[in-house]
Amino acid sequence: PAIKVLEGTAADGKKFVAAGSMLELGDRAPGLHEKIGQAIAARDIDILITVGRLAEFIAKGALAAGMGRDRVFRAENSEAAAGVIRDLAGPSDVILIKGSRAAKMEGIIECFTMSCSR
């Protein structure tokens, strides 16, 4: 649903998804992460940034579904993801940040509202 909301949001700029690992999915996690990547690739989303080890499967799914390599970025943690956003995003862009609490995705926002090591 969150991806559908982003897709339907009017934006003068690009649409970003910063997707973090979902650590509570157990043995099914890799396949479910890949399905999310496929869903992102099928939507009107310009940039995908994955955060964390399991989120690598999101990138894998998006690439397998045809999302261009120049539109998929991998970050080790939220600070690195914030750096990618800082480098690519403009004032008219819309960014969806989604992931489990354990992925600490709030760190992306903190890098823009407080401070982070980058």
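This is a short conversation about helix crossings, a sheet and two loop residues in a predicted model.

Student: Why is H2 called oblique to H3?

Tutor: The axes of H2 (residues 29-41) and H3 (residues 56-64) cross at roughly 45 degrees and come within 6 Å. Angles under 35 degrees would count as roughly parallel, and 65 to 115 as roughly perpendicular. The angle of roughly 45 degrees falls in neither range, so H2 is oblique to H3. As for handedness, this crossing is right-handed.

Student: Which residues make the contact of H2 with H3?

Tutor: On the H2 side they are Pro30, His33, Glu34, Ile36, Gly37, Gln38, Ile40 and Ala41, and they meet Phe57, Ile58, Lys60, Gly61 and Ala62 of H3. By class, the contact has 7 nonpolar, 4 polar and 2 charged residues.

Student: What do the buried residues of H3 pack against?

Tutor: Ile58, Ala59, Gly61, Ala62 and Leu63 are the buried residues of H3, and they pack against S1, H2, S2 and S3. After H3 comes Gly66, with a positive phi near 105 degrees.

Student: Let's turn to the sheet. What makes S3 and S4 the edge strands?

Tutor: The open sheet has 4 strands in the order S3-S2-S1-S4, with parallel pairing. Strand S3 (72-75) and strand S4 (94-98) each pair on one side only, and that is what places them at the edges. On average, neighbouring strands are turned by 15 degrees against each other, direction ignored.

Student: How do you know that S2 and S3 pair?

Tutor: Pairing needs at least two bridges, and S2 (residues 47-51) and S3 have 4 bridges in the parallel sense. One example is Val51, whose bridge partner in S3 is Ala75. Helix H4 (residues 78-88) packs on this sheet and touches S1 (15-20), S2, S3 and S4. The direction of H4 makes about 165 degrees with that of S2.

Student: H4 also meets H5. Why is H4 called oblique to H5?

Tutor: Here the axes of H4 and H5 (residues 106-113) come within 8 Å and cross at roughly 55 degrees. Again the cut-offs for roughly parallel, under 35 degrees, and roughly perpendicular, 65 to 115, leave this angle out, so H4 is oblique to H5. The crossing is right-handed. H4 contributes Ser78, Glu79, Ala81, Ala82, Ile85 and Arg86 to the contact, and H5 contributes Gly107, Ile108, Cys111 and Phe112. These divide into 6 nonpolar, 2 polar and 2 charged residues.

Student: Now the loops. Does Ala55 count as buried or exposed, and why?

Tutor: Buried means under 20% relative accessible area; Ala55 is at 0%, so this residue counts as buried. Ala55 sits in the loop between S2 and H3. The C-alpha atoms of Ala55 and Gly20 are 5.6 Å apart, although 35 residues separate them in sequence. Beyond its neighbours within four places in sequence, Ala55 is in contact with Ala19, Gly20, Ser21, His33 and Thr50.

Student: And why is Lys14 called partly exposed?

Tutor: Partly exposed lies between the 20% limit for buried and the 50% limit for exposed. Lys14, at 31% relative accessibility, therefore counts as partly exposed. Lys14 is in the loop between H1 (2-8) and S1. Its C-alpha atom is separated by 7.6 Å from that of Ile45, 31 residues apart along the chain. Leaving aside neighbours within four places in sequence, Lys14 is in contact with Asp46, Leu88, Asp93 and Val94.

Technical notes:
Residues are numbered from 1 along each chain as its sequence is written. This is a predicted model: local features need pLDDT of at least 70, side-chain atom pairs count only at pLDDT 80 or more; totals for chains, interfaces and linings use all residues. Side-chain values use heavy atoms; hydrogens and water are left out. Axes are lines fitted to C-alpha atoms, for helices over the stretch in contact, and angles run from 0 to 180 degrees between N-to-C directions. Helices (H or I, at least four residues) and strands (E, at least two) are DSSP runs, numbered from the N terminus. Angles under 35 degrees count as roughly parallel, over 145 as roughly antiparallel, 65 to 115 as roughly perpendicular and the rest as oblique. A crossing is left-handed if the near helix is turned anticlockwise from the far one by less than a right angle, and right-handed if clockwise. Contact means heavy atoms within 4.5 Å. Ala, Val, Leu, Ile, Met, Phe, Trp, Tyr, Cys and Pro count as nonpolar, Asp, Glu, Lys and Arg as charged, and the others, Gly among them, as polar. Buried means under 20% relative accessible area, exposed over 50%, partly exposed in between (1.4 Å probe, protein chains only).
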